[in-house]
Amino acid sequence: MIGGRMIMESSVLDVELLSLKRRVDKLEELVRTLTAANLSLVRAVENLHHTSASLAPGD
């Protein structure tokens with residue numbers, strides 16, 4: 001019966017591993033999305049800084 005138990009445990013582990021891989025894939029996608037959003041925000045702030053500097057009265 002040990003062999004049968006190993007097969008059952010292996011099947012359960014495979015299902016758990018697949019579930020974890022899916023969760024990691026979703027998290028990786030979230031990281032990519034947040035990284036892109038952060039880069040976009042940084043560029044917008046840099047553009048705003050350059051625009052405001054060019055509009056500032058000269059000293």
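How exposed is Glu29, in terms of relative accessible area? In this predicted model, Glu29 is partly exposed, and its relative accessible area amounts to 41%. The paragraphs below set this residue in the context of the fold and of its partner.

The secondary structure of the protein consists of 1 helix and 0 strands. Helix H1 covers residues 2-55. Of the 59 residues of the protein, 0% are classed as buried, that is, 0% have a relative accessible area under 20%. The surface exposed by the protein comes to about 5700 Å², and 66% of this area is contributed by carbon and sulfur atoms.

A total of 1 salt bridge is present in the structure. This contact joins the side chains of Glu29 and Arg32, with an N to O distance of 2.8 Å. Both residues belong to helix H1, and because they lie 3 residues apart there, about one helical turn separates Glu29 from Arg32.

With respect to solvent accessibility, Arg32 has a relative value of 48% and is therefore counted as partly exposed, since exposed residues are those over 50% and buried residues those under 20%. Glu29, at 41%, is likewise assigned to the partly exposed class. The salt bridge of Glu29 and Arg32 is thus formed by two partly exposed residues of the helix.

Technical notes. Residues are numbered from 1 along each chain as its sequence is written. This is a predicted model: local features need pLDDT of at least 70, side-chain atom pairs count only at pLDDT 80 or more; totals for chains, interfaces and linings use all residues. Side-chain values use heavy atoms; hydrogens and water are left out. Helices (H or I, at least four residues) and strands (E, at least two) are DSSP runs, numbered from the N terminus. Buried means under 20% relative accessible area, exposed over 50%, partly exposed in between (1.4 Å probe, protein chains only). Accessible areas come from the Shrake-Rupley method with a 1.4 Å probe; for residues, only the protein chains shown count as cover. A salt bridge is a side-chain nitrogen of Lys or Arg within 4 Å of a carboxyl oxygen of Asp or Glu.
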